[in-house]
Amino acid sequence: MITEIIHYFETIPPSHRSIILFGGIAFFWIIESGIPLFKFQYNKIHHALINLFFTFTTILINFSLAFILFKSAAWVTQENIGIIHWLHIDNLWIKAIIGLMLMDLIGAYSAHYVQHKTKSLWRFHLIHHTDTWIDTTSANRHHPGESVIRFIFTTAAIIIVGAPVWMFFMYQSFSVLLSQFNHANMKMPKSLDKIISYFIVSPDMHKIHHHYMLPYTDSNYGNIFSIWDRLFGTFMVMPREELIYGVDTHMKEEENNKLLNLLAIPFQKYRDHQT
């Protein structure tokens, strides 16, 4: 079975990758519309259009630079470079799981953490946090500048891990779906959410990261696996009923719900968080 899965991701058509992206949005959109966690008083279509704009800019950037990822994956495979090759893992299931975990650590958790701790990078990541109505479309709300930053970390992850093409596409697919899942404005039973959070990043776990004030904003950086936050001491909890989305420096709607201003935020005067 694992060989068939690997072959699928090794040759996955662009149409299937599009289905994963937009099919995921549609799927979680339906669920959150039926059982919302919060009943937002907002124009859901207008909100989605802003976030979909950033989704398309990310697609455009990734498509334009995709040759770098392919070259990197081919190079590490040919030269046996990277952790996966050095460990000499024969079992494909174990190889896939370890590879995905390491890709998630370097390409997602580390990238996310560094963007929060580096002022120049935070300026771009800030756009993701300005969203005061977190739903499944919020998963793809990334400034074009941040898309480039994340691309660099993903390329580094491929080289350090030694990820072949199939492993990268598998990681990317899981990353997209899990991000849409843990951003979705859907109400899950608290007990189920807690159980899920021991293995992967659950909606309640990630939404704490979108609370508008520190120290919660600087917590729960994980994307796929929840182990990294627990391991590195960045895991936090708070009641879902106390969540207030956004970021304290940009709580006005003209700042967080206007496309042109969102594009300009990285180049505006820096504002410090409150605590």
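**View 1. Meet Ile160, a partly exposed residue of this predicted model**. Ile160 has a relative accessible area of 40%, so it counts as partly exposed, falling between the 20% limit for buried and the 50% limit for exposed. Its home is helix α7. Leaving aside residues up to four places away in sequence, Ile160 touches Gly82, Ile83 and Ile106. Lys44 makes a useful landmark: between Ile160 and Lys44 there are 40 Å from C-alpha to C-alpha, and the two are 116 residues apart in sequence.

**View 2. Inside the largest nonpolar core**. This core has 40 residues, and the members that touch the most others are Met103, Ile158, Val161, Trp166 and Phe181. At least two core residues come from each of α1, α2 (14–34), α3 (44–79), α5 (92–117), α7 (144–161) and α8 (165–183). Helix α8 gives the largest share, with nine residues.

**View 3. Phe181 and its contacts**. Here we look at one of the core members named in the previous view. Not counting residues up to four places away in sequence, Phe181 is in touch with Phe28, Met186, Met188, Ile196, Ile200, Val201, Ser202 and Pro203. Another core, of nine residues, lies apart from the largest one; among its members are Tyr42, Trp133, Met238 and Tyr245.

**View 4. A nonpolar patch on the surface**. Met1, Trp93 and Ile94 together make this patch of about 360 Å². Met1 sits in the segment before α1 (2–10). With a relative accessibility of 70%, Met1 counts as exposed, because the cut-off for that class is over 50%.

Note on methods: Residues numbered from 1 in each chain as written. Predicted model: local features only at pLDDT ≥ 70, side-chain atom pairs only at ≥ 80, totals over all residues. Heavy atoms only, no water. Patch = residues over 30% accessible without salt bridge, like charges linked within 9 Å, V, L, I, M, F, W, Y side chains within 5 Å. Areas by Shrake-Rupley, 256 points an atom, 1.4 Å probe, with all protein chains shown as cover. Salt bridge = Lys/Arg side-chain N within 4 Å of Asp/Glu carboxyl O. Helix = DSSP H or I, 4+ residues; strand = E, 2+ residues; numbered from the N terminus. Buried < 20%, exposed > 50% of the residue type's maximum accessible area, 1.4 Å probe, protein only. Core = buried A, V, L, I, M, F, W, Y, C linked by side-chain atoms within 4.5 Å. Contact = heavy atoms within 4.5 Å.
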